[in-house]
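Subject: Structure for you to look at

Hello,

Here is the structure I said I would pass on. My notes on what was found in it follow below.

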Amino acid sequence: MGESKKRKRHRNKRGGKEEQPVLPSPCAKRTKLKEPSSFLQKMRARLSGGHFRMINEKLYTCTGEEALDYFKEEPSLFDVYHTGYKTQMSNWPEQPVNVIIKWLKKQSLSFVVADFGCGEALIAKSVKNEVFSLDLVSNDPNVIACNMENTPLDSSSVDVAIFCLSLMGTNYQSYLEESYRLLKPGGWLLIAEVKSRFDPNTGGADPKKFSNAISELGFSSVKQDFSNKMFILFFFTKKVYCLLQ
């Protein structure tokens with residue numbers, strides 16, 4: 001906070017722009033919702049679901065700056081999106097945010113956390129650590145509204161950076177580069193993503209290639225958790241570079 005906005009991004013040693021694995025929108029594979037009891041409820045659910053899918057597709061196919069402008073022009077759409085998101089999540093047997101919260105509770109209380117695309121800031125409300133909750137729009141004074149590629153946090157100021165179903169947009173690599181800037185050497189990067197985005201048989205990304213691409217940004221892959229039916233959880237740490245004397 002107080003740093004120049006012109007920050008030097010980390011780049012791989014080859015100097016070129018890293019080709020990103022294409023992560024398609026998970027909208028193609030939707031979880032079937034439980035049917036409401038009344039006709040009116042059914043109609044409301046259809047309208048809400050339709051709006052959510054429209055906004056979700058928009059977020060996956062635009063840049064972070066465009067998404068920010070999109071919600072600035074119509075702030076109410078942010079609430080529509082999160083209402084639809086909660087409906088979708090209610091049908092999952094396990095939610096990735098809860099898995100991440102369990103993991104955090106096993107870590108040191110001194111860990112400072114940056115939650116990218118925090119939504120309702122559930123992580124900050126569930127752990128005792130200091131958590132910087134970041135999102136495009138904020139109706140909560142504890143959530144920092146900003147573009148995910150240009151946050152107001154200081155370099156090397158956090159121990160854990162989290163993207164829980166929030167690695168969206170055509171320029172998501174810049175969000176990862178921002179997380180690299182914020183993380184201390186050896187700090188953790190956790191990415192939870194919809195499993196359907198990582199099925200090469202249906203046009204999804206190859207998990208190994210995705211992991212390698214993240215590693216090229218200056219991270220080391222620690223593990224990948226495929227145990228859940230709906231999502232994959234990736235664990236990385238920021239590489240520690242030793243300067244030769």
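Does F198 count as buried or exposed? F198 counts as buried, because its relative accessibility is 6%, and the cut-off for buried is under 20%. Please keep in mind throughout that this is a predicted model.

Overall make-up

The protein chain has 7 helices and 7 strands. Read from the N terminus, the order of elements is α-α-α-α-β-α-β-β-β-α-β-α-β-β. Of the 245 residues in the protein chain, 49% are buried. The accessible surface of the chain is about 13,400 Å², and carbon and sulfur atoms account for 53% of that surface. Among contacts in the chain with a separation of 6 or more, 67% are between residues 24 or more positions apart.

The sheet

The 7 strands form an open sheet with mixed pairing, in the order 3-2-1-4-5-7-6. Strand 3 (143-145) and strand 6 are the edge strands, each of them pairing on one side only. From one strand to the next, the twist averages 20°.

At the strand 3 edge, strand 2 (residues 130-135) and strand 3 run parallel and are joined by 3 bridges. S133 has V143 in strand 3 as its bridge partner.

Two helices that pack on the sheet are worth noting. Helix 4 (residues 96-105) touches strand 1 (112-116), strand 4 (158-164), strand 5 and strand 7, and its direction makes about 165° with that of strand 4. Helix 7 touches strand 5, strand 6 and strand 7, with its direction at about 150° to that of strand 6.

Strand 7

Strand 7 is largely enclosed by the rest of the structure, because 8 of its 8 residues are buried. In a regular strand, side chains alternate between the two faces of the sheet. In strand 7, F231, L233, F235 and T237 point one way, while I232, F234, F236 and K238 point the other way, and all are buried.

On one side, strand 7 pairs with strand 5 in the antiparallel sense over 7 bridges; in this pairing I191 has F234 as its bridge partner. Strand 7 also runs antiparallel to strand 6 (residues 219-225), to which 6 bridges join it. Here S221 is the residue whose bridge partner is F236.

Strand 6 and strand 7 are joined by a hairpin through 5 residues. N228 has its place in the loop between these two strands. N228 counts as buried because its relative accessible area is 8%. Which residues is N228 in contact with, leaving aside its neighbours within four places in sequence? They are E94 and K195.

The aromatic residues

There are 10 aromatic pairs in the structure. One of them is F198 with F234, a tilted pair with 5.2 Å from centre to centre and 50° between the planes. This pair links distant parts of the chain, 36 residues apart: F198 is in the loop between strand 5 (183-194) and helix 7 (207-215), whereas F234 is in strand 7 (residues 231-238). F234 is buried, with a relative accessible area of 0%.

F234 also pairs with F236: the ring centres are 6.3 Å apart and the planes are at 15°, so this pair is stacked. F236 counts as buried too, at 0% relative accessibility. F198, F234 and F236 belong to one aromatic cluster together with F210.

Two lysines lie over rings. The charged end of K223 sits over the ring of F235, at 4.7 Å from its centre. K238 lies over the face of Y180, 4.3 Å from the ring centre.

Helix 6

Y180 brings us to helix 6 (residues 172-182), which is mostly covered: 11 of its 11 residues are buried. The buried residues include charged side chains by name, among them E177, E178 and R181. Y172, Y175 and Y180 are also on that list.

If you open the model, strand 7 is the place I would look at first. It pairs with strand 5 and with strand 6, and F234 and F236 of the aromatic cluster point the same way from it.

Regards

Terms used
Residues are numbered from 1 along each chain as its sequence is written. This is a predicted model: local features need pLDDT of at least 70, side-chain atom pairs count only at pLDDT 80 or more; totals for chains, interfaces and linings use all residues. Side-chain values use heavy atoms; hydrogens and water are left out. Buried means under 20% relative accessible area, exposed over 50%, partly exposed in between (1.4 Å probe, protein chains only). Helices (H or I, at least four residues) and strands (E, at least two) are DSSP runs, numbered from the N terminus. Rings of Phe, Tyr and Trp (its six-membered ring) pair if their centres lie within 6.5 Å; planes under 30 degrees apart count as stacked, over 60 as edge-to-face and the rest as tilted. A charge sits over a ring if NZ of Lys or CZ of Arg is within 6 Å of the ring centre and within 35 degrees of the ring normal. Contact means heavy atoms within 4.5 Å. Accessible areas come from the Shrake-Rupley method with a 1.4 Å probe; for residues, only the protein chains shown count as cover. Two strands pair if DSSP finds at least two bridges between them. Axes are lines fitted to C-alpha atoms, for helices over the stretch in contact, and angles run from 0 to 180 degrees between N-to-C directions.
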